[in-house]
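Dear colleague,

I am handing over the structure we spoke of, and I would be grateful if you could look through it alongside the notes below.

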Amino acid sequence: EMSEMSERSKQNVAHGLAWSYYIGYLKIVLPRVKKSMEEFNRANPNLLACRKTWKLHILVPLSCDVYDDLEKADSNIQYLTDLTETTLPRAGTKKRVYKHSLYAIRDEENQLWHCAVEYATPLQSLYAMSQDECAAFSREERLEQAKLFYRTLEEILKGSKECVDAYRLIAYEEPGEAETHFLSREILWHLRQEHGEEIAVLEGNHLHAPSTTLDAAELNLQISVSDLPQPLRSDGF
């Protein structure tokens, strides 16, 4: 009966997608990100000067609008190269390849900031479900699922020892009116925060977030614990 109730309310969709994304992808690639960054930095010592940015920046648009080509999403985002790929046997595939792309983000002063960035791919599934009559997802339900996906993924990663300091979630709501460089500004805000964090650590200062910080409340991401699907196991894993 509880399973049927969860299925009717679609609670298990985002919850399952977040866990699948973590187990099937992030838990595999994130522990290797810093090593890839180190290898790239040895060959290109001037591009990745800030070690705080040596992580995978994961875009989480609450609209679930995912671009396959980031350069088409924002002309201030330019593909640079791919980091060293990881090849592993996976589910019957002898040599499954995992790799990340490095991008140059141009700011208002034409300065270039470099980082590895990609979308959270399960959001494509949420968007496709909202377009499929069989799934019967409304736009409002898709938004709630996107929030639940973000909140669930955030909690999973916070508890993951393997992924500590190897990622940064960038959740955002796109503005009502189209803005040409909204996405690059969103990424740049986080990169500047990371640079500030590194400076604060080096100088022994505490970094205060500016008043413009988009926190969870402003993004309306607060979901009560009772709204979250409960794990099937009783040992709290």
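What follows describes the chain as a whole and then its internal space.

Please keep in mind throughout that this is a predicted model, and that every value given here was computed from it.

The protein chain has 237 residues, of which 42% are buried, and its secondary structure comes to 6 helices and 7 strands. Followed along the sequence, these elements are arranged in the pattern α-α-β-α-β-β-β-β-β-α-α-β-α. When contacts in the protein chain between residues at least 6 apart in sequence are considered, 68% of them join residues at least 24 apart. As for the outside of the protein chain, the accessible surface is about 13900 Å², with 49% of that area belonging to carbon and sulfur atoms.

Turning to the interior, the structure holds 1 cavity of 30 Å³ or more, and the space in the largest cavity amounts to about 40 Å³. Which residues line the largest cavity? The lining is made up of V29, R32, V33, S36, T84, T86, Y98 and H100. Helix α2, which spans residues 11-43, supplies the largest share of that lining, with 4 residues. Sorted by class, the residues lining the largest cavity are 3 nonpolar, 4 polar and 1 charged.

If you open the model yourself, helix α2 may be a convenient place to begin, given that the largest share of the lining of the largest cavity comes from this helix.

With best wishes

Key. Residues are numbered from 1 along each chain as its sequence is written. This is a predicted model: local features need pLDDT of at least 70, side-chain atom pairs count only at pLDDT 80 or more; totals for chains, interfaces and linings use all residues. Side-chain values use heavy atoms; hydrogens and water are left out. On a 1 Å grid over the protein atoms alone, a cavity is a set of points where a 1.4 Å probe fits but cannot get out, and a pocket is an open set with protein on both sides within 12 Å along at least five of seven lines; lining residues have an atom within 4 Å of a point. Grid points are joined across faces, edges and corners, and a volume is the space filled by probe spheres set on the points. Helices (H or I, at least four residues) and strands (E, at least two) are DSSP runs, numbered from the N terminus. Ala, Val, Leu, Ile, Met, Phe, Trp, Tyr, Cys and Pro count as nonpolar, Asp, Glu, Lys and Arg as charged, and the others, Gly among them, as polar. Buried means under 20% relative accessible area, exposed over 50%, partly exposed in between (1.4 Å probe, protein chains only). Contact means heavy atoms within 4.5 Å. Accessible areas come from the Shrake-Rupley method with a 1.4 Å probe; for residues, only the protein chains shown count as cover.
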